[in-house]
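I open this notebook to record what I looked up in one protein structure. The entries follow the order in which I consulted it.

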Amino acid sequence: MIRALFASFAGAACLGAAVLLTGSERSEARDFGQLGQTFPVIEADLLSTIEARLRRAEATGEMDRVNAAFAKRVEAKVRRPVPVAGISPAEQARAWDYDPTIRLEREIRDHKGQIIAEAGQRINPLDFVSMRQSLVFVDGDDAAQVDWATKRFTELNAKIIFVNGSPIESMTERKRRFFFDQEGRLTSKFGIRHTPAVVSQVGKLLRVSETVLKPGAKS
């Protein structure tokens with residue numbers, strides 16, 4: 001039934017096309033003239049346009065000004081990154097444990113394609129590697145916190161990480177390497193809300209502690 005209807009429809013379509021092409025009456029091609037002003041179709045070459053603008057910017061010195069302004073903004077961000085929001089000096093000491101165990105979302109295979117960890121398996125990185133350096137978080141603009149951290153921890157046993165301030169300026173001044181918690185990723189992971197704070201390994205867990213500094217205390 002459906003095939004018959006389709007055949008009928010196809011036949012009617014062909015017949016209609018034939019009528020349009022031949023016509024039941026005599027048809028002639030007519031010239032109706034020009035109805036309005038015509039314009040040539042012009043497609044602008046986008047790459048050529050961009051190249052021309054860049055050449056003008058380079059010739060007028062605008063390119064150099066833009067590059068200099070961009071470099072200045074980047075340098076300013078490197079020298080003084082955006083402070084981590086929500087971090088304040090500790091007013092009450094507190095400590096807690098952080099379990100770094102993760103659950104694999106998919107299986108892990110070695111270079112030979114053999115499965116070494118199943119999807120859904122729980123793995124603690126501390127079972128394979130040790131955290132030899134503590135992570136010490138401080139406000140880089142708070143001299144007391146920086147003094148406390150540099151006197152209490154050496155570069156061998158800790159990494160001092162700023163949540164505010166300029167690591168580069170402090171490195172130049174104190175002749176020691178400092179880091180910065182970009183976008184607060186580490187403090188957010190460990191739940192740190194106050195500084196100074198220390199993260200160190202205790203067995204298969206990480207111990208997180210926030211310390212209250214007494215006024216004038218440096219050690």
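**Entry 1: The nonpolar core**

I looked first for the largest nonpolar core of this predicted model, and I found that this core has 25 residues. Val136, Phe137, Phe190 and Val199 are those with the most contacts inside it. I then asked which elements each supply at least two residues of this core. They are the strands β7 (134-139), β8 (158-164), β11 (197-202) and β12 (205-210), together with the helix α4 (143-152). Strand β8 gives the most, with five residues.

**Entry 2: Phe190**

I next examined Phe190, leaving aside its neighbours within four places in sequence. Phe190 is in contact with Trp96, Tyr98, Leu135, Phe137, Val199, Leu206 and Val208. Of these partners, Phe137 and Val199 are also listed among the core residues with the most contacts.

**Entry 3: The chain as a whole**

I noted six helices and twelve strands in the protein chain. Among contacts with a separation of 6 or more, 60% join residues 24 or more positions apart. The chain has 219 residues, and buried residues make up 24% of them. The exposed area comes to about 16,800 Å², of which carbon and sulfur atoms supply 55%.

**Entry 4: A patch on the surface**

I turned last to the surface, where Leu46, Leu47, Ile50 and Leu54 make a nonpolar patch of about 420 Å². Leu54 lies in helix α2, which covers residues 46-60. Is Leu54 buried or partly exposed? I recorded Leu54 as partly exposed, because its relative accessible area is 45% and this class lies between under 20% for buried and over 50% for exposed.

Notes:
Residues numbered from 1 in each chain as written. Predicted model: local features only at pLDDT ≥ 70, side-chain atom pairs only at ≥ 80, totals over all residues. Heavy atoms only, no water. Patch = residues over 30% accessible without salt bridge, like charges linked within 9 Å, V, L, I, M, F, W, Y side chains within 5 Å. Areas by Shrake-Rupley, 256 points an atom, 1.4 Å probe, with all protein chains shown as cover. Salt bridge = Lys/Arg side-chain N within 4 Å of Asp/Glu carboxyl O. Helix = DSSP H or I, 4+ residues; strand = E, 2+ residues; numbered from the N terminus. Buried < 20%, exposed > 50% of the residue type's maximum accessible area, 1.4 Å probe, protein only. Core = buried A, V, L, I, M, F, W, Y, C linked by side-chain atoms within 4.5 Å. Contact = heavy atoms within 4.5 Å.
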